[in-house]
Amino acid sequence: MQPGTHFSFGDHKEHGFVASFTSSIPQHLAHWFLEREQYEPVPGEPRLYRLSEPERDGVRRTRQAVHDLRRRGYTVQADIRLNPADTASPPRPVRPNRFQERRSRLAQAAAGRTTQRSTPPTTSPASARPIPPEPTYAPTVHRTALPGGRSR
């Protein structure tokens, strides 16, 4: 293993996809990271972890773990087939997205000039309606009695 390596990923005959860590990283921190990447400790092997459910897309999940740890700044050594930097995944087919196309057309239309208004509307202080001040008292409402009946 290269000096300064924090994690190592590979294949194991008995345990499948495995990860181990070196003494350059504290044990509790390595345990925390590997559990987050869905690795579990191998009983009887203090620094060895195996991928839980390796039959469920194990190669991709191991590559993702290698990528995640490298992105966090750790030095990771991995087998060739598990190293995301050495193996390129096949390109995914691109499906047209009608909503994206519509948003693009709307954005282009919004960026262009409009023909509906030639000049922007202007308001002058003289044409604006003044706002009356709020009363300082509560207005009283007087009701008049209806002829020939009771008042409400």
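Strands here are DSSP runs of type E of at least two residues, numbered from the N terminus, and two strands pair if DSSP finds at least two bridges between them. The model is predicted: local features need pLDDT of at least 70, side-chain atom pairs count only at pLDDT 80 or more, and totals for chains, interfaces and linings use all residues. Residues are numbered from 1 along each chain as its sequence is written, and side-chain values use heavy atoms, with hydrogens and water left out.

Start with the whole sheet. Its 5 strands are ordered β3-β4-β2-β1-β5, and this open sheet has mixed pairing. Select 39-41 and 76-78 next: these are the edge strands β3 and β5, each pairing on one side only. On average, neighbouring strands of the sheet are turned by 30° against each other, direction ignored; the axes behind such angles are lines fitted to C-alpha atoms, and angles run from 0 to 180 degrees between N-to-C directions.

Now select β4, residues 48-51, together with β3; the two run antiparallel and are joined by 3 bridges. Tyr39 has Leu51 as its bridge partner in β4, and Glu40 is found opposite Arg50. Move to the turn of this hairpin, where 6 residues lie between β3 and β4 and Gly44 has a positive phi of about 85°.

Finally, add β2, residues 16-21, which pairs with β4 in the antiparallel sense over 3 bridges. Ala19 is the residue to pick there, with Tyr49 of β4 opposite.

How values were computed. Helices (H or I, at least four residues) and strands (E, at least two) are DSSP runs, numbered from the N terminus.
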